[in-house]
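Got the viewer open? Let's take a short walk through this one, picking selections as we go.

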Amino acid sequence: MIGKVLELLNCKETEREINRRKFSICDDVNFILNLPIGYLKDVISPLENYLSKHMTNNFSRLTRVVPNDYEDTQLHFSKFFLNLYSSVISEILRFNILTSLVILDEYRMMPDKALIAAADELARNGINAIFSTSTPSVFFEEEIVSRFRNRRVVSISIVNEYGQAVEGRDCVKKGEGYYQCRGSYEVIELIEDFDIRDLDYEIIKGEEVFKVKEPFTLFVNSWEKALRLYRKLREERNTEVCLLNSSDECKVTITPKIMPTRFNVVSEISSLPTIVARSGIINDRDKIYVWVDRDNYDTVTESTLNLLSNIKVCLKHPFGCNGKMGYANKTVLKPNIDERLIKRLSEISHLMDRREFEKVTELFSDFVTVDLFTDKEKITTVPPEFVYENKKKILYYGNNCVYTYFTDGEKCSKIVYNWLEGGGVSWLKRNLARAYKNYVEEEGKKEVFLGLKAKDVGEWI
């Protein structure tokens, strides 16, 4: 796979050196990678190694972006999205994005409207991008390609046999495993031989989840549900339970975030990309439990449940493994696109007028998250609703002060206190969006808002 990516970039060294790195000329190529879960690291590492020694005409660094509900080891999508349109001081300088090869890891788990808007902005600015997913979708792929207009886009899939990746696509075969589709869109199939461990799953419903005997990590779909189940298990069932972080003393760990675990995995039924991502963190276990609660699930989640219930699916490879059917292109829901959002963002992305930006923040406030510093080592990203509803539990809340994390350290902030005392969750969302974008000015000094210092989450309940 990585050999094919580097081959298509067609980078050629020159005699020039910039900052002790050799300068190379590379072709303008963008990629959509359809890979088994966890396989992207085999692409990233060689690219990082190449860019440690080379600078190219198209990019000089990698910027890897992950969904918001991943653990906090990479750049979350909401921060990337907001800073993509920023020219002021921000956590990620817009210049750095403009000079990056941007990798959107598991892009199917990112909000549809914001993802397509980001793809449009990347394409318009000539930024090279890699969109990677373990859950391919023809509809999402073609929408991304359409945003890149006349720029070259190559979709590469690891398949079990030729022809699997072009089912349902309007493409013409040009060679073994190579197809030309509409415009500058190409599809390449690679057959790579590697062992994929079998992973079985079992669907359990309602109270059956509490009958699982071995310790397990329960991945749920929202912070609110995590807190509700935490109370229920601890109080009603007197069960040793952990919230967010696992411990050997806990029978159950409950979390809405995708993170490594040493125990069995129980995943609440969710979108197919989320189920696949959660299955990817299982190490030496041979089963994942898919839990169906009594909640009213949306159309996307119901389509996943129907798929997993009616056929035995291989969760480790989009095109099938170990005699089980693949899930590639099995969910036919189209991306949710907001052309108004895309148009307004493209209009202001180069102007960066503060008032213009504050108007448009209302369009994407749903994509905003805030960093909650539970201690100096651990950082948790939470939705604004969680911060607002638990504001009284934030350290040093009171006397018109909230303890906040600024670029030069922790200090009391009256401005953040006023935000939390403001006009409700919607108002808070808009202000958080602006906070990621703009300066916070206090005592005549402009700072960048990063997050809130809070008590350990376990003490909040």
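How many residues does helix H5 have, and how far does H5 reach from its first C-alpha to its last? Select residues 112-124 and check: H5 has 13 residues and reaches 18 Å, close to the 18 Å expected at 1.5 Å a residue. Bear in mind that this is a predicted model.

**Stop 1: around H5**

Keep H5 selected and switch on a surface. The helix is mostly covered, with 10 of its 13 residues buried. Colour the buried ones: Ala114, Leu115, Ile116, Ala117, Ala118, Ala119, Asp120, Glu121, Leu122 and Ala123.

Now bring up the surroundings. Among the elements that cover these buried residues of H5 are helices H3 (77-83), H4 (94-98), H6 (138-147) and H10 (339-348). On the strand side, the cover includes S7 (100-105) and S8 (128-133).

Before moving on, click glycine 126, which follows H5: its phi is positive, near 70°.

**Stop 2: H5 against H10**

Hide the rest and keep just this pair. H5 and H10 pack at an angle of about 40°, and their axes are 9 Å apart. The two helices are therefore oblique to each other. Turn the view to look through one helix at the other, and you'll see H5 pass H10 in a right-handed crossing.

Which residues meet here? Show side chains for Lys113, Ile116, Ala117, Asp120, Glu121 and Arg124 in H5; they meet Leu341, Ile342, Leu345 and Ser346 in H10. As for the spacing along a helix, an α-helix has 3.6 residues a turn, so residues three or four places apart point the same way.

**Stop 3: a parallel sheet**

Next, jump to the open sheet of 6 strands, in the order S13-S18-S17-S14-S16-S15, with parallel pairing. S13 (200-205) and S15 (241-243) stand at the edges with a single partner strand each, so one side of each has no neighbour in the sheet. Look along the sheet for the twist: neighbouring strands are turned by 25° against each other on average, ignoring direction.

Zoom in on S14 (216-219) and S17 (264-268), which pair in the parallel sense over 4 bridges. Leucine 218 stands opposite valine 266 in S17.

**Stop 4: helices on the sheet**

Add residues 272-279. That's helix H8, lying across S14, S17 and S18 (287-292) and running at about 170° to S17. Then add residues 299-310 for helix H9, which packs on the sheet and touches S13 and S18. The direction of H9 makes about 120° with that of S13.

How values were computed
Residues numbered from 1 in each chain as written. Predicted model: local features only at pLDDT ≥ 70, side-chain atom pairs only at ≥ 80, totals over all residues. Heavy atoms only, no water. Expected span 1.5 Å × (residues − 1). Buried < 20%, exposed > 50% of the residue type's maximum accessible area, 1.4 Å probe, protein only. Contact = heavy atoms within 4.5 Å. Pairing = 2+ DSSP bridges. Axes fitted to C-alpha atoms, helices over the stretch in contact; angles between N-to-C directions. Parallel < 35°, antiparallel > 145°, perpendicular 65-115°, else oblique. Left-handed = near helix turned anticlockwise from the far one by under 90°.
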